Amino acid sequence: CSLAMTAMTYFLLFKGIRGTSFASDELIIFITTNILLVVGIAFVFWAVLIFILNRLKLDMYRLVVLFGTFSLAMAFAGNDLVNFIGVPIAGFESYLAWSATGEDAYSYSMEILKEPVRTKTYLLVISGLIMIVTLWFSKKARSVTETEVNLGRQDEGHERFTPNRLARSLVRAAVNTRQYVANFIPDSWKNTTALQVEQTTALKAEAPAFDLVRAGVNLTMASVLIAFATSLKLPLSTTYVSFMVAMGTSLADQAWGRDSAVYRVAGVLNVIGGWFATALIAFTVCALFTFFIHNFNLFAIGALVLLAITLIARSFRYHKKKEKKKASRLAFESETKPIANAVLLERISHRITDLLDELMQVYHKALTGLIKEDQKSVSEAVNSVKALTLKNENLQYELYRSIKRIEEMDKEGSRLILYVYDLEQDILQSAKLIVKSIRAYLKNVLNPLHSEQIQQLELISNSIAEYLELIKAFLKVPGRNQIADLDQKKKDTLSLLESFLEMQVDGIKENQYGSRNSQIIFKILLESKDLVTIAARLVKLYRHVHQYDRSDLKSFLDIIE
């Protein structure tokens with residue numbers, strides 16, 4: 001802790017004091033000529049202070065984190081503030097220098113910019129306030145921080161990044177290397193190392209992502225590296241430095257276990273790749289913009305301004321939608337109370353209703369796209385299925401948290417969630433196969449459907465939509481009167497599908513339909529049968545859960561198994 005405080009003092013005060021208006025030349029000369037003495041005094045001062053805090057049973061890491069926070073803020077300001085106001089201030093100073101001469105703008109030489117630009121203090125203060133307000137209220141800035149914290153957090157949870165081939169290869173190589181090297185390390189060393197990273201207490205839902213030790217190291221190293229590079233006038237990304245420091249400490253602290261390593265490594269690779277891609281994109285786009293402005297003057301500037309406004313608005317819409325999804329997930333994660341049986345039933349009802357509603361739209365778009373040979377409609381159905389699949393995958397994580405929070409005596413509720421997840425997965429599989437087959441059929445520009453087949457598909461689409469609407473109504477207000485209607489509609493829909501299957505078989509025997517045509521029709525009809533059957537199983541499961549007590553639910557779930 002003393003070394004960390006001394007390093008931050010050196011870069012925060014001694015390196016940062018140059019160029020300030022409040023430091024006299026004598027003070028700067030004294031510090032520069034007696035640097036070792038000053039650093040030694042600082043180290044002794046911090047060592048004595050931290051020793052006293054430790055003897056008083058006070059947490060010395062809090063002091064490091066507090067000082068590190070100010071140090072990192074100063075390091076960011078020293079670097080990012082220049083990036084923020086450098087261009088406009090240089091432009092403003094150029095304008096003042098030119099306007100004072102009265103010369104023509106095209107003939108005026110800008111040699112004045114060879115000298116350092118001395119910024120007015122009030123401009124620095126205004127710029128600093130703008131940065132503070134932006135960081136405080138900007139959800140995008142918060143998202144950057146959350147990405148860094150989530151990739152380095154100690155506990156399990158929702159993983160934002162999807163594993164890729166490179167991440168899997170790196171993790172597999174690391175695991176194999178560890179197993180090989182472990183054969184040559186004495187057991188005493190292994191035991192000592194294990195004690196250093198042993199988790200003494202269970203992590204709570206509201207616990208921070210990591211402890212004060214790692215927080216202190218993160219702040220110290222990031223602020224020192226940023227301040228040192230800034231003093232050498234080296235351009236660097238402060239966010240990138242902070243991110244990589246956090247990833248290094250999380251790796252050393254064994255926050256990346258076998259269950260999370262591949263996701264975390266994939267996240268790090270995505271971030272690093274994003275920085276490289278950003279550099280190349282910035283280089284290329286700036287060259288193109290300069291070319292257009294040089295050749296087309298105001299027309300190019302106007303077009304680029306409109307493009308910038310469009311892209312910014314699109315970015316805000318995308319981020320708002322993303323934040324809405326995240327808010328619903330965080331609301332679920334923040335809950336810690338046990339889930340009662342009634343609450344569980346209500347949540348399952350809402351989930352199944354939303355699924356069926358979106359499934360109806362996917363099914364209708366896919367069949368409409370096939371009938372009208374509209375690839376746009378099919379593409380929308382493909383995107384909707386992908387979104388539903390992702391939501392279903394996220395349910396795997398919710399399963400774990402929900403089962404942990406279900407009331408202790410209601411173990412059947414845990415099994416109920418598992419069966420709902422399984423049925424949801426099955427019904428999505430059927431929808432995915434239908435959409436995938438239709439997309440392939442249209443991409444290959446195969447023959448359009450016959451008129452009677454189009455009529456059959458329209459009847460099927462309407463019948464399934466009516467059946468799903470009845471299910472949704474039953475889930476909202478369960479009643480015995482609706483059960484008979486549901487059963488009858490299910491029989492009618494399945495009977496309709498069976499009759500169309502027979503017609504297709506007859507048409508094949510009469511050489512009316514080709515093989516490609518038959519394959520797509522069979523795929524749609526057979527998967528539609530599965531879709532109706534699985535939806536009926538969802539109704540049956542919910543009906544038994546809603547109408548019977550816990551003992552009956554247990555016997556019913558045993559029958560399903």
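These legends accompany several close-up views of a predicted model of one protein chain.

**Figure 1. The whole chain is built with helices and no strands.** Before we zoom in, let's look at the chain as a whole. The protein chain has 18 helices and zero strands. Of its 561 residues, 34% count as buried. The chain exposes about 35300 Å², and carbon and sulfur atoms supply 62% of that area. Among contacts with a separation of 6 or more, 78% are made by residues 24 or more positions apart.

**Figure 2. Ile524 sits in the largest nonpolar core.** This core has 54 residues, and Leu370, Ile438, Ile471 and Ile524 are the ones that touch the most other members. Which helices each supply at least two residues of this core? They are H12 (341-372), H13 (375-405), H14 (411-443), H15 (451-476), H16 (480-509) and H17 (515-547). The largest share, 13 residues, comes from H17. Take Ile524 as your guide through this view: leaving aside neighbours within four places in sequence, Ile524 is in contact with Tyr363, Leu367, Leu370, Ile434, Ile438 and Leu457. Elsewhere there is a second, separate core of 17 residues, which includes Phe161, Ala167, Val175 and Ala266.

**Figure 3. Arg264 is a buried residue in helix H11.** Is Arg264 buried or exposed? Its relative accessible area is 1%, and buried means under 20%, so Arg264 counts as buried. The helix that holds Arg264, H11, covers residues 261-334. To see what surrounds Arg264, look for Asn150, Leu151, Gly152, Arg153, Asp155, Glu159, Ala255 and Trp256, which Arg264 touches when residues up to four places away in sequence are not counted.

**Figure 4. Asp357 and Lys472 meet in a salt bridge between two helices.** The structure has eight salt bridges in total, and here is one of them. The side chains of Asp357 and Lys472 meet at 3.1 Å, N to O. How many residues apart are these partners in the chain? They are 115 residues apart, with Asp357 in helix H12 and Lys472 in helix H15. The two ends also have their own surroundings: Asp357 is partly exposed at 31% relative accessibility, whereas Lys472 is buried at 9%. Glu469 belongs in this view as well, since salt bridges that share partners join Asp357, Glu469 and Lys472 into one network.

**Figure 5. Glu380 and Lys365 form a salt bridge between helices H13 and H12.** Here the N to O distance is 3.8 Å. Glu380 lies in H13 and Lys365 in H12, and the two residues are 15 residues apart. Both ends are partly exposed: Glu380 has a relative accessibility of 34%, and Lys365 has a relative accessible area of 23%.

**Figure 6. Lys489 and Glu466 tie helix H16 to helix H15.** Their side chains meet in a salt bridge at 2.6 Å, N to O. Lys489 is in H16 and Glu466 is in H15, so this pair ties together parts that are 23 residues apart in sequence. Lys489 counts as buried, with 16% relative accessibility, while Glu466 is partly exposed, with a relative accessible area of 43%.

**Figure 7. Gln254 and Asn511 have positive phi values.** A little background helps with this view. Most residues other than glycine have a negative phi. Gln254, however, has a phi near 60°, and phi of Asn511 is also near 60°. Where are these two residues found? Gln254 is in the loop between helix H10 (238-252) and H11, and Asn511 is in the loop between H16 and H17. At 70% relative accessibility, Asn511 counts as exposed, because exposed means over 50%.

**Figure 8. Cys1 and Cys286 appear in a structure with zero disulfides.** A disulfide is a covalent bond between the sulfur atoms of two cysteines. How many disulfides does a search of the whole structure find? The search finds zero. In this view, Cys1 is partly exposed at 32% relative accessibility. Cys286 is partly exposed too, at 49%. Partly exposed lies between the buried limit of 20% and the exposed limit of 50%, so the value of 49% for Cys286 still falls inside that class.

Conventions:
Residues numbered from 1 in each chain as written. Predicted model: local features only at pLDDT ≥ 70, side-chain atom pairs only at ≥ 80, totals over all residues. Heavy atoms only, no water. Helix = DSSP H or I, 4+ residues; strand = E, 2+ residues; numbered from the N terminus. Buried < 20%, exposed > 50% of the residue type's maximum accessible area, 1.4 Å probe, protein only. Contact = heavy atoms within 4.5 Å. Disulfide = S-S within 2.5 Å. Core = buried A, V, L, I, M, F, W, Y, C linked by side-chain atoms within 4.5 Å. Areas by Shrake-Rupley, 256 points an atom, 1.4 Å probe, with all protein chains shown as cover. Salt bridge = Lys/Arg side-chain N within 4 Å of Asp/Glu carboxyl O.
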